[in-house]
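Colleague: I am new to this structure. Please take one part and walk me through it closely.

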Amino acid sequence: MSILRKEIGHRMSKIVIHNETVYLSGQIPKDGTREIEEQTLSVLKKIESLLEQAGSDKQHLLSATIYISDMRLFSRMNEVWDNWVPEGHTPVRACVEAKMSKPSILVEISIIGAVKNI
């Protein structure tokens, strides 16, 4: 049984691949000064890049956990998500309100996906 870790840090790896399943750590936006739409798009772009490094893509999403700082932002975040996720390839998903590591961060997303060659 092999476990492949990529972008390994002191506290966590950004990517872990095991049994042809890709696990991404929670991703936050590059710029916390932006509105929820821009922050969500920034996170989704980071996720796409990490999925590519892992041999996956957004058509192979299995699960998404979305944390937002305020549920009043839910519909605005969903507009960006709905335009990003491919029709017919929506993963299971949960979205919860959470206190973020920095007050300026409005969204964090964690992904589980499948490797493309399965």
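Modeller: Start where two helices meet in this predicted model. From helix α1 come Ile36, Glu37, Thr40, Leu41, Leu44, Ile47 and Glu48. Across from them, α2 offers Arg76, Met77, Val80, Trp81 and Trp84. By type, the residues of this contact split into eight nonpolar, one polar and three charged.

Now the geometry. Two packed helices are described by the angle between their axes and the distance between the axes. Here α1 covers residues 36–53 and α2 covers residues 74–84. The angle is about 35°, and the axes lie 8 Å apart. The crossing of α1 past α2 is right-handed.

Look at α1 on its own. The helix has 18 residues. From first C-alpha to last, α1 reaches 26 Å, close to the 26 Å expected at 1.5 Å a residue. Just after α1 comes Gly55, with a positive phi of about 80°.

Which residues of α1 are buried? They are Ile36, Gln39, Thr40, Ser42, Val43, Leu44, Ile47, Leu50 and Leu51. Their cover includes α2 and several strands: β1 (3–8), β2 (13–18), β3 (21–27), β4 (61–68) and β6 (107–114).

Finish with Ile36, a residue of α1. Ile36 counts as buried because its relative accessible area is 0%, and the cut-off is under 20%. Setting aside residues up to four places away in sequence, Ile36 touches Leu73, Arg76, Met77, Leu106 and Val107. Val107 sits 71 residues from Ile36 along the chain, yet their C-alpha atoms are separated by 7.2 Å.

Conventions:
Residues numbered from 1 in each chain as written. Predicted model: local features only at pLDDT ≥ 70, side-chain atom pairs only at ≥ 80, totals over all residues. Heavy atoms only, no water. Axes fitted to C-alpha atoms, helices over the stretch in contact; angles between N-to-C directions. Helix = DSSP H or I, 4+ residues; strand = E, 2+ residues; numbered from the N terminus. Left-handed = near helix turned anticlockwise from the far one by under 90°. Contact = heavy atoms within 4.5 Å. Nonpolar A, V, L, I, M, F, W, Y, C, P; charged D, E, K, R; others polar. Buried < 20%, exposed > 50% of the residue type's maximum accessible area, 1.4 Å probe, protein only. Expected span 1.5 Å × (residues − 1).
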